[in-house]
Amino acid sequence: MKEVRTRFAPSPTGYLHVGGARTALFNYLYARAQKGKFILRIEDTDQVRSTEQSYHQVLDSLKWLGLEWDEGPEVGGPHGPYRQSERLHLYKEYAEKLIHEKKAYPCFCTADELDRKKKQREAMGLPYVYDGKCRNLTDAEVHEKKAAGMEHTIRFRTPAKEVIVDDIVQGSVRFDTAIIGDFIIVKSDGFASYNYAVVVDDHLMDITHVIRGVGHLSNTPRQIMIYEALGWQSPHWAHVSEIVGSDHKKLSKRHGATPITAFRDLGYTARAFNNYMALLGWSSPDGREYMTIDEQKSLFDVARCSKSPAMFDVFDLTKAAEVDLAQASIQDLEAYLFPKSKLNWLSNQHIRATPDAQFIQEILPFVKNSGVVPEEELSEKNERLRGILLSLRVYLDTLGQIKNYLPDFYLPFTPDPKDYATSEYFLAENFVSLSLAFERQIEQMSKGEKTGTLSPDLVKEAISLVGKELGIKGKPLFMGLRLASTGRLEGLELPVYLSLLGKERVITRLKKMAALK
RNA sequence: GUCCCCUUCGUCUAGAGGUUAGGACUCGGGAUUUUCAUUCCCGCAACAGGGGUUCGAUUCCCCUAGGGGACGCCA
């Protein structure tokens, strides 16, 4: 059987967003599932809008997601070049062939002229189709106009017929070519237009499956006609649903789509993000939702993709309704995230599943970014930091959230009496004696220990001794001590918590809390 | 306006001519955790509406409504 070859073909006219990234993911997963190849091609024939900066941004995003392409920019391959701007000679070659065979023709209509006609039609409420003014120019006329230096485009001579797109996702869809008309395949700047270039490239690159957004479905009959005109075989089509935002509008660069890099900067792992994107429009046969990328690579099938649009339900509209999420800073985006989204749940699951060493390595930049950990302790070898991070990981939906927990372990303790005014454990009569007894026990028991260290076992022992000494047990004992020694009513298991805080900080907190009374 | 597509819990979705319409996230309740989170259990919650076809329709067909997309010398 023929090797499956899929491709992702972004245009470098902006950043990569969820819509495009999910298309890339599907192409990648399908190629992997079929043991085929995944090709990256850059569609930069829009000379006005394509930028080098955008090109790098798109590649960076794909790399972060881990969607490694087998052929394409930077890695090369036997079907190159992989940037359309470097394939101009190919488009020219086949355009000439089409003209020679009278399947395409030069058109000298100006943009202004066309624009005027279009507006007229629209004013009458009619759809615009090219009127075919240049369709039947004689060779002499063409010659003459060219000699006069008139700019021209090349139009495809659309046959009157019905084209059927046989689509893996959408089924059979019929189109009447009368509403398409003769369309431009080469622009007046000599660059191929999308519908033409994509056919030449896909054919020459031996693409077997075109997986893309359903927005392209209505372009497909044009492409099929070109395949036919050139005597080539069409690839298999798979038009997957679009992704819409919480407002039910398609995600696009102009409309609320957040750059992929923003999710990286927020502290989502690529593993979690891919998992979430895979679930947008696709479901695994057994219904499993938490999946590693390897599982996705073996399970993915474009035939299981849904036709109806999927909502990227990650931002809280009640907070972000009037905001342009595409422009928002990371800080702002964080505030607009819906804290209980499925993405966050998946992200938390993936963070927990990450091997320790990898987790530490991945979170370190975010730890650094929090700005509260001293430079000399900012290392994956630092035992205390490792302990803190590993203990805290179950709380994290994103790696970026670590900054909410770190100050407690690294910044000076400054309790505010107001916070405790109504706390039953603080108000308890024995609060101070509990505190004093605990401090004494800790001091006494840790005499022989290394400076600063406080083992969980030692803390456990101290707690029970204090309980016996003062005749307190149960919740009042544990919660009282928790408040007295940490200043908080929630957090890690107390012995672990205090051990990570270290002896000095615990003693300081005990003193400060007791002094508040 | 023309053409195309879509519509199952709030969200992601499974499903199939006969099911108590299933799962996941969220939410509510309970248990465990001497705290919070976790974990576990239980629960709330859906086939857009109207016509057909059929013994039987949420599933097939038509219409309506709503939504989306395409109608470029953008991709």
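Helices here are DSSP runs of H or I with at least four residues, strands are runs of E with at least two, and both are numbered from the N terminus. I kept to that numbering throughout. The model is a predicted one.

**Entry 1: I351**

I looked up I351 and found it in helix 13, which spans residues 342-353. Is I351 buried or exposed? Its relative accessibility is 1%, under the 20% limit, so I count I351 as buried. I then checked a partner further along the chain. V394 is 43 residues away from I351 in sequence, yet their C-alpha atoms are 7.7 Å apart in space. I listed the contacts of I351 and left out neighbours within four places in sequence. The list holds T269, F359, R393, L396, D397, T398 and L399.

**Entry 2: strand 1 and T6**

Next I went to strand 1, residues 5-8, where T6 sits. I checked which way the side chains go. In general, side chains in a regular strand alternate between the two faces of the sheet. In strand 1, R5 and R7 point one way, while T6 and F8 point the other. I noted that all four of these residues are buried.

How is strand 1 joined to strand 2? The two run parallel, with four bridges between them, and strand 2 covers residues 37-40. Opposite T6, in strand 2, I found F38.

I stayed with T6. Its relative accessible area is 0%, so T6 is buried. What does the side chain of T6 reach? It comes to 2.8 Å from the backbone oxygen of N27. N27 also appears in the contact list of T6, which excludes neighbours within four places in sequence. The other entries I wrote down are Y28, Y30, A31, K37, F38, I39, I207, H209 and I211. F38 thus turns up both as a contact of T6 and as the residue opposite T6 in strand 2.

**Entry 3: strands 8 and 9**

I compared strand 8, residues 209-213, with strand 9. They pair in the parallel sense over five bridges. Which residue of strand 9 is the bridge partner of G213? I found V240 there. Strand 9 runs over residues 236-240 and is mostly covered, with four of its five residues buried.

**Entry 4: V302**

V302 came next. It is placed in a loop, between helix 10 (293-299) and strand 11 (310-311). Despite the loop position I had to call V302 buried, because its relative accessible area is 1%. The residue F26 lies 276 residues from V302 along the chain, with 7.4 Å between the C-alpha atoms. Beyond four places in sequence, V302 is in contact with Y30, I168, V169, I211, A238 and V240. Y30 and I211 were already on my list for T6. V240 I had just noted as the bridge partner of G213.

**Entry 5: L98**

I moved to L98, in helix 3. L98 is buried, since its relative accessible area is 0%. I took the C-alpha separation of L98 and R157 as 9.3 Å, with their places 59 residues apart along the chain. Not counting residues up to four places away in sequence, L98 touches K103, A104, I185, Y196, A229 and L230.

**Entry 6: backbone oddities**

Where is there a cis peptide bond? I found one joining G80 and P81, with omega about -5°. P81 is in the loop between helix 2 (52-65) and helix 3 (88-100).

E74 lies in the loop between helix 2 and helix 3 too. Its phi is near 75°, positive although the residue is not glycine. At 56% relative accessibility, over the 50% limit, E74 counts as exposed.

K102 also has a positive phi in a residue other than glycine, near 60°. I placed K102 in the loop between helix 3 and strand 3 (104-107).

**Entry 7: a pocket**

Last, I opened the second largest pocket, with a volume of about 540 Å³. Which of its 24 lining residues are the closest to its centre? They are L114, R155, D182, F183 and I184. The elements giving two or more residues to this lining are helix 4 (111-123) and strand 4 (153-156). I sorted the lining by kind and got 12 nonpolar, seven polar and five charged residues.

Technical notes
Residues numbered from 1 in each chain as written. Chains lettered and ligands numbered in written order. Predicted model: local features only at pLDDT ≥ 70, side-chain atom pairs only at ≥ 80, totals over all residues. Heavy atoms only, no water. Buried < 20%, exposed > 50% of the residue type's maximum accessible area, 1.4 Å probe, protein only. Polar contact = N/O pair within 3.5 Å; in protein donor to acceptor, adjacent residues only side chain to side chain. Contact = heavy atoms within 4.5 Å. 1 Å grid on protein atoms, 1.4 Å probe; cavity = no way out; pocket = protein on both sides within 12 Å on 5 of 7 lines; lining within 4 Å. Points joined across faces, edges and corners; volume = space filled by probe spheres on them. Nonpolar A, V, L, I, M, F, W, Y, C, P; charged D, E, K, R; others polar. Pairing = 2+ DSSP bridges.
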